[in-house]
Amino acid sequence: MSTIAHEKYEAVIGLEVHAQLLTESKAFAPVSTEFGGAPNTQVTPLCLGHPGTLPVLNENLVRYTIRMGLATDCKIAEKSIFARKNYFYPDLPKGYQISQYETPICYDGSIHIEMEDYDKTIGLTRIHMEEDAGKSIHDQDPTDTLVDLNRAGVPLIEIVSEPDIRTPQEAYAYLIKIKQIVQYLEICDGNMEEGSLRCDANVSVRLRGQEKFGTRTELKNMNSFRNVERAIQFEIERQIELIESGGEVVQQTLLWDPNKLETRQMRTKEEAHDYRYFPEPDIPPVIVGEEMLDEVRSELPEMPDVRLERFINELKLNEEDARTLTENRQLADYYEGVLQHLDDPKAVANLVMTEVLRVLNEESIDIRQFPIGTERLAELIALKKDDKINSSAMQQIFNHMLKNGDSAMDLAEEMNLLQVSDTGFIEPIIDDVIEQNPDEVKRFQDGKKQLIGFFIGQVMQRSKGKANPQQVREIITKKLN
Amino acid sequence: MSDFSSTQEQLKKGALTLPDLVENYLDRIEQKNPQINAYVSVDGDAARKEAEVIQKKIRNGSAGRLAGAVVGVKDVICEKGKVTSCASNILRNFESVYDATVIEKLRSEDAILLGRLNMDEFAMGSSSENTIYGPVRNPHDDSKVSGGSSGGSAAAVAGELCNIALGSDTGGSIRQPASYCGVVGVKPTYGRVSRHGLVAYASSFDCIGPLAHSVRDCAELLSTIAGFDPNDNTSSGLDVPDYASGLESSGTLRVGVPEEYFGEGLDDGVRKIVEDVIAQLEKDEKFNLVPIRIPHMKYSIATYYILATAEASSNLARYDGVRYGHRGDIDEVRKELRQEKEAIEDKIELADAAGKNDLIEEMAKVDSPLIRLYKKSRTEGFGREVKRRILLGTYVLSAGYYDAYYAKAQKVRRLIKQDFDTAFSKVDVIVSPTAPTPAFDIGSNIDDPIQMYLNDIYTTSANLAGNCGISVPAGTHPDGLPVGIQFMGDKYQESKILQAGYLVEQMLR
C-alpha cells in the first residue's frame with residue numbers, strides 16, 4: 001500500500017479495557033479470588049449457579065471502582081444500578097453476567113497521554129462494574145471442554161474510552177497509562193499477559209477531514225500491550241486497502257492471531273448477541289454519598305503525573321530520571337522510602353536507577369521482592385556520601401547485601417573496604433608506586449597528564465580499594481609536580 | 001382443628017407429647033396423602049428423631065418458640081441434603097447443598113421439618129397442576145384444585161398433614177391456595193423475609209410466607225422467619241415486631257374498600273361472602289370503612305406477567321444441564337445433528353446452483369452440539385407452562401420489544417405503587433376478595449392460560465407494589481368450597497393485616 005493512500009485516511013479508535021480488581025473476595029460471594037488455585041476449589045453455591053443463591057455485593061468492588069473514577073476525573077453517579085447480561089455459555093453458571101448497563105457508576109472522565117512530540121487527552125465514556133466468567137479450557141482433554149469456575153465472579157471494571165484515539169501508538173500509550181494508574185491505585189496488577197488487564201478495540205477509518213465515522217470492526221484477543229498496537233496497525237491497513245480497492249468494511253468482530261500477526265473473523269453483525277439487559281433485581285441500586293466519596297478520596301495515593309512534577313520541581317531530578325522513578329508506584333515509594341533515611345535525592349536516584357533497576361531486570365522481580373530494604377540502602381549510600389567507601393566498594397557491598405541481611409557498615413568492615421583517608425597509611429603506598437614506575441613518572445612529567453589514572457589505579461589496587469581516590473589524586477599530583 | 005398455638009400449649013402442659021404428635025401426622029399422611037398428593041417426600045425418621053430431642057427440651061423448659069410446629073416445606077425452598085425439585089423434571093434429582101435462611105431459622109426455634117410439598121413447577125401456576133408429581137387435590141373436594149402455586153402447602157394444612165406450611169408468593173401463590181383450601185396465608189412485604197435459598201422465579205416479586213390454620217399461627221411463624229439476612233441484599237434491616245402479641249391491640253383500623261376489586265369477573269357466590277364480611281365490619285366499631293381507588297389495578301395482570309416472566313427467563317437460564325440437573329443424551333444429540341447434516345448434504349447434491357447456496361447457508365445454521373444439548377436438556381426438563389413463561393419473558397426483553405413491554409410495564413408498576421401509597425395515606429388496610437372464584441375443577445383451566453392467569457387478578461397488585469397481604473377464610477361458597485378474604489397492607493405493616501385478619505377470624509368463629 002502506498003503511503004499516499006495511507007495519508008488520505010485517519011483512523012478512529014476506541015478501547016474497551018477490562019481490569020481485574022485485586023479485592024480479596026469475589027464480586028458477589030465471600031470466597032477468595034486468588035489466582036492459581038486447583039480448579040473449582042474457590043467456589044460457593046452461587047459461583048456454581050445453584051438454585052436459590054443470591055449475589056451479595058462486595059463493597060470493595062464499589063470502592064475500587066470509585067478510586068479509578070476519581071483518578072480519571074470521572075463523575076461518580078450518586079445512584080447506579082446493576083444489570084443482567086443474558087447469554088448461554090458453559091463458563092457462565094447463572095446464564096447471565098452481572099454488569100452495569102444504562103447507569104454506570106463512573107462516567108465522563110479522561111486520561112492524559114504523552115506522545116513523543118505532543119500531549120493528548122482521551123475521553124472516558126464510562127467505567128462500570130461487572131463480574132468475570134469462569135474459564136473454558138479447550139486443550140486439556142481430547143474431546144471435552146473443561147470448565148474452571150474459580151474465576152467466575154471475580155470483580156472486573158470495564159473502562160470504555162471515547163473514540164478519541166487516532167493511532168496505534170496512542171492506543172499503546174493509553175493502555176500503558178491505564179496500567180500505571182491501576183497499579184498506582186493498587187486495584188489491579190495490570191498484567192496483560194496473565195489477563196488481569198484485557199483490551200478490545202473498535203477501529204474504523206475515514207478520509208481526513210470527514211466527520212462521519214466509517215464502519216467499525218471490533219478486535220479481540222490481543223493479550224499484550226504490543227499486540228494491541230500491532231493488531232490495530234494491521235486492521236487500519238486492512239481497512240484502507242479494502243476501501244482503496246473498492247471494497248467496503250463490514251461490521252464484525254475479529255480475533256487477533258498473535259502468531260500469524262493477522263486478524264480473522266469471529267462473528268458478523270447478524271450473529272451479534274441480543275443480551276436482553278435488564279436491571280438486576282437481586283441487588284439494590286448502589287448509592288454513593290458524599291461521605292463515601294470523601295473516604296475513597298482520602299485513600300487515593302498521589303497520582304503519577306503529580307508525583308512526576310514533584311520529583312522534578314522539589315527533588316530537582318531531571319525529567320528522565322523522574323519519569324523512570326515514577327513509572328510504577330512501588331518503585332517511587334521505595335525511592336522515597338530511602339529518602340526518608342537519607343535526604344539526598346540525586347545520590348539515591350543514581351543508585352536506584354542503576355544498581356537496583358539492574359537487579360530487578362536481571363532477576364525479573366518486582367521492587368516489592370527486592371531484598372534490600374530502604375533503610376539498609378540508605379545506609380550504604382550514606383557510607384559513600386561520607387567518603388567512608390568509594391564507588392567500587394559500594395558496588396561490592398551492594399552485591400553482598402542482596403544475599404544477606406547484614407548492614408552496609410558491617411559488610412564494609414568485614415570486607416575491609418572502609419576507605420582510609422589517613423595520609424600515614426596512603427603516603428608510603430604512593431611513594432612505593434612512584435618509585436617502582438620511573439618511566440611513567442617521566443612521561444607524566446613530560447606532559448602525559450592522563451597517566452594520573454594509572455597511578456591512582458595502582459594505589460587503589462595496593463590499598464585493596466580502601467584508599468580515598470580523591471585524596472590519592474591530590475597527593476600524587478602534588479608529589480609529581 | 002389442631003392449630004399450632006393450641007398444640008404448643010398442650011405440649012407444655014404435658015397433655016400431649018411431640019413424638020405422638022409427629023406419629024399422628026405421619027399416620028394421617030399415610031392415609032390421606034395418596035389422595036391429596038400434597039407431599040412429594042416425607043422424612044419420617046428424621047422427624048421422629050427431632051421430636052425426641054425437642055420433647056426433652058420442652059420438659060426442661062429450653063424449647064424454642066416453634067416447638068410443636070410440624071412444618072411442611074414447599075419444594076421451592078432449599079433444604080440441605082434434600083431433593084429440591086421445584087416439581088420440575090429438570091431438578092428431579094437435585095439435592096441442595098445448603099439450607100435456606102428460613103430453614104435455618106425454623107430449625108433454630110425447634111420446628112420439625114416433616115417433608116417437601118407439591119407445587120406448580122417453579123411456582124408458575126395457579127392450580128398446582130403443573131407438576132411432575134401429579135396435581136394436588138383440594139382436601140374439601142378431591143375433584144377440585146388446591147390453587148397454586150403453593151397448592152401443596154395449603155392442602156397439607158387444610159388436610160391436617162402438618163400444622164404449618166411454608167409457601168412462596170410471587171403473584172398470589174400463598175393467598176390464592178389459602179383461599180381455595182380454607183386456611184390462612186400471609187405474603188409478607190417484599191424484603192421482610194430472606195429469599196436466600198428460595199429458588200427464584202421472579203426475584204423482585206418472590207416472597208416466602210406461612211400458611212396455617214390460624215392468623216396467630218402465621219404470626220408466630222412470621223416473627224421467626226422475618227428479618228435481615230446478610231445473604232440477601234434485598235432483605236430489610238427493620239426490626240421485626242412480635243406479631244402474635246400485637247394481634248389483640250385496641251384501636252380502630254381504617255379499611256379501604258377499592259371498587260376496582262369488586263368488578264366484572266367476580267363470582268357471585270364469592271362476592272356475596274366477601275360483601276357480607278365487609279357489612280359486618282361496617283357494624284363493628286373496631287373498623288372504619290373508607291371507599292378508595294386503585295385506578296391502575298386493571299393493568300396489574302398484564303404488568304405482572306410481563307415483568308415476572310422477564311425475570312423468570314433470566315432466572316431459569318441456569319438450568320442448562322451443564323453442572324447439575326437433567327441433561328439430554330449427548331449421543332442422541334450427535335446422532336440428530338449428523339442426520340440433519342446428511343439430509344442437507346443429500347439435498348445439496350440434487351440442487352441447482354441457486355438452491356445450493358441456500359442449502360449451504362442452511363447447513364451453516366445447524367446447531368453446534370453444545371447449543372443442541374442446551375435445547376434438548378431444557379426441552380425435556382421444563383414443563384409447558386414454564387416454557388411458555390420463559391418464551392414470554394425472553395420476548396419482552398428482546399431488542400426492539402423491550403421499550404414496548406418491559407420498560408412500559410416498569411412504568412405501570414410505579415403507577416400501581418403510587419396508587420397504593422396514596423391509598424395507604426388514608427387507610428391502614430385494604431380489603432378485597434382473594435380470588436375471583438372458589439377452587440375450580442382439576443383440568444378445567446389447564447389449556448386456557450389467560451383464564452388461569454386471571455385467578456391472580458386480586459393478588460398480583462400487592463406483589464407489584466411490594467406490599468403485604470393476608471388471606472383469611474371468610475365463609476363457604478354455595479357449592480361447598482371455602483372462600484377467602486384478603487387484607488393488603490403497606491410495606492412492613494404486617495401487624496395491621498394480621499390484626500385485621502385476626503378480628504375477622506374471631507368475628508366469624
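Is Glu280(A) buried or exposed? Thanks for coming, everyone; let me start with that residue. At 4% relative accessibility, Glu280(A) counts as buried, and bear in mind throughout that we are looking at a predicted model. Glu280(A) lies in the loop between β15 and β16 (286-287) of chain A. Setting aside residues up to four places away in sequence, Glu280(A) touches Pro55(A), Phe82(A), Ala83(A), Arg84(A), Tyr96(A) and Ile98(A). By contrast, go 30 residues along the chain to Val250(A), and the C-alpha atoms of Val250(A) and Glu280(A) are separated by 34 Å.

Now to the contact between the two chains. Chain A brings 30 residues to it and chain B brings 38 residues. Together they bury about 2800 Å², with 58% of that area coming from carbon and sulfur atoms. On the chain A side, Pro51(A), Phe88(A) and Arg276(A) supply 23% of the area buried against chain B, more than any other three residues.

How many salt bridges does the rule find across this interface of chain A and chain B? Just one salt bridge turns up. Asp282(A) pairs with Arg195(B), and the closest N and O atoms are 3.0 Å apart. Polar contacts add to the picture, with 15 residue pairs across the interface of chain A and chain B, both partners at pLDDT 80 or more. Among the elements on the chain A side, β4 (83-86) and β15 (278-279) each supply at least two residues that touch chain B. Sorted by character, the residues on that side of chain A are 19 nonpolar, six polar and five charged.

Let me step back to the domains. In chain A, the assignment gives domain 1 (3-292), domain 2 (302-414) and domain 3 (423-480). Taken over C-alpha atoms, the centres of domain 1 and domain 3 of chain A are 66 Å apart.

Chain B is divided into domain 1 (4-306 + 418-508) and domain 2 (320-381). The centres of these two domains of chain B are separated by 45 Å, again over C-alpha atoms. Six residues from domain 1 of chain B and seven residues from domain 2 of chain B make the contact. Between them, domain 1 and domain 2 of chain B bury about 470 Å², 60% of it on carbon and sulfur atoms. Within domain 1 of chain B, the residues losing the most area to domain 2 are Asn89(B), Ile90(B) and Phe94(B), together 87% of what that side buries. The count of salt bridges between these domains of chain B is zero, while the rule finds four residue pairs in polar contact, both at pLDDT 80 or more.

Staying with chain B, have a look at helix α4 (residues 101-108). Its buried residues are Thr101(B), Val102(B), Ile103(B), Lys105(B) and Leu106(B). They pack against β2 (70-74), β3 (112-117), β6 (164-169), β8 (207-212) and α7 (215-225) of chain B. After α4(B) comes Asp110(B), with a positive phi near 70°.

My last stop is Asn463(B), in helix α16 (residues 460-465) of chain B. Asn463(B) has a relative accessible area of 1%, so it is buried. Where does its side chain reach at 2.8 Å? The side chain of Asn463(B) reaches the backbone oxygen of Thr170(B). Beyond its neighbours within four places in sequence, Asn463(B) is in contact with several residues, including Asp169(B), Arg175(B), Lys187(B), Phe205(B) and Arg413(B).

That's my tour; happy to rotate the view for anyone.

Note on methods. Residues numbered from 1 in each chain as written. Chains lettered and ligands numbered in written order. Heavy atoms only, no water. Buried < 20%, exposed > 50% of the residue type's maximum accessible area, 1.4 Å probe, protein only. Helix = DSSP H or I, 4+ residues; strand = E, 2+ residues; numbered from the N terminus. Contact = heavy atoms within 4.5 Å. Buried area = accessible area lost by both parts, 1.4 Å probe. Salt bridge = Lys/Arg side-chain N within 4 Å of Asp/Glu carboxyl O. Polar contact = N/O pair within 3.5 Å; in protein donor to acceptor, adjacent residues only side chain to side chain. Nonpolar A, V, L, I, M, F, W, Y, C, P; charged D, E, K, R; others polar. Domains from an automatic or database assignment.
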